[in-house]
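Biologist: I'm new to reading protein models, so could you walk me through this one? Let's put it on the screen and talk.

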Amino acid sequence: WMKRLRSLDHAYVAVNLEPVLGSIDDYVPIIEAAVQRVTAATGLPPVLVCHSMGGLAARAWLLKQDDPTRAARIVTIGTPHHGTALARLQLLALGRNAAEMHPGSSWLQDLNAKKEIKKPVSACCISFVCYYSNSDHIVFPATTACLDGADNRHVPGVAHVALLVD
């Protein structure tokens, strides 16, 4: 994607969410810095394209914004919006973010409740597109990658990482 964006002379920023095992809330400043860079380069709000936990980080970032139009759209790819059963299996082995992605975790409950405080996703000026697969071996069950009010798009038979290139 980056090679293509560069050839088209489109401004973009690719980020790594670090520390790898930290809280998802700790990634908000990373996303903020990227949004500021793209906005400064273009004068326009960017589209955030987020894979897996990155979609949760983008939603956490969005909740901290007084102006939700700072992003034009958020596209999530295999994001565990409602947690993933895999987090149950690896809760002790992985970091804080694994605990936050546990279905029913207080972090997810807060995230999903807070979106209703500002505006429901469907009523907000920002739109969400959520790609998910019935063959995602990281984020399952598949419907956990969907958001109410979003343009939820099923990509059948594609694994978690392969969703990025499908």
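Modeller: Let's start with a term: a salt bridge is a side-chain nitrogen of Lys or Arg within 4 Å of a carboxyl oxygen of Asp or Glu. Keep in mind, too, that this is a predicted model.

Biologist: Okay, which residue forms a salt bridge with aspartate 151?

Modeller: We need a partner whose nitrogen is within 4 Å of a carboxyl oxygen. Here the closest N and O atoms are 2.7 Å apart, so the pair fits the rule. The partner of aspartate 151 is arginine 153.

Biologist: And is glutamate 100, which pairs with arginine 96, buried or exposed?

Modeller: The closest N and O atoms of that pair are 3.6 Å apart. Arginine 96 has a relative accessible area of 54%, so arginine 96 is exposed. Buried means under 20%, and glutamate 100 has 5% relative accessibility, so glutamate 100 counts as buried.

Biologist: How many residues apart are arginine 70 and glutamate 32?

Modeller: Their side chains meet in a salt bridge, at 2.8 Å from N to O. Arginine 70 sits in the loop between H3 and strand E2, while glutamate 32 is in helix H2. The pair links distant parts of the chain, and the two residues are 38 residues apart.

Biologist: Now the pockets. Which class has no residues in the lining of the largest pocket?

Modeller: This pocket has a volume of about 1,100 Å³, and 29 residues line it. By class, 24 of them are nonpolar and five are polar. The class with no residues there is charged.

Biologist: Which element gives the largest share of the lining of the second largest pocket?

Modeller: That pocket has a volume of about 270 Å³. Among the 15 residues lining it, Met53, Leu94, Asn97, Ala98 and Met101 are the closest to its centre. Two elements give two or more residues to this lining, helix H4 and helix H5. The largest share, three residues, comes from H4.

Biologist: Back to the surface: what is the accessible area of the nonpolar patch?

Modeller: Valine 47, one of its members, lies in strand E1. Valine 47 has a relative accessible area of 48%, so it counts as partly exposed. Together with Trp1 and Val49, Val47 forms a patch with an accessible area of about 330 Å².

Biologist: Last one: how many residues of helix H3 are buried?

Modeller: Helix H3 covers residues 53-63 and is mostly covered. Its buried residues include Met53, Leu56 and Trp61. Out of eleven residues in H3, the number buried is ten.

Methods:
Residues are numbered from 1 along each chain as its sequence is written. This is a predicted model: local features need pLDDT of at least 70, side-chain atom pairs count only at pLDDT 80 or more; totals for chains, interfaces and linings use all residues. Side-chain values use heavy atoms; hydrogens and water are left out. Patches are made of residues with over 30% relative accessible area and no salt bridge: like charges are joined within 9 Å, nonpolar side chains (Val, Leu, Ile, Met, Phe, Trp, Tyr) within 5 Å. Accessible areas come from the Shrake-Rupley method with a 1.4 Å probe; for residues, only the protein chains shown count as cover. Helices (H or I, at least four residues) and strands (E, at least two) are DSSP runs, numbered from the N terminus. Buried means under 20% relative accessible area, exposed over 50%, partly exposed in between (1.4 Å probe, protein chains only). On a 1 Å grid over the protein atoms alone, a cavity is a set of points where a 1.4 Å probe fits but cannot get out, and a pocket is an open set with protein on both sides within 12 Å along at least five of seven lines; lining residues have an atom within 4 Å of a point. Grid points are joined across faces, edges and corners, and a volume is the space filled by probe spheres set on the points. Ala, Val, Leu, Ile, Met, Phe, Trp, Tyr, Cys and Pro count as nonpolar, Asp, Glu, Lys and Arg as charged, and the others, Gly among them, as polar.
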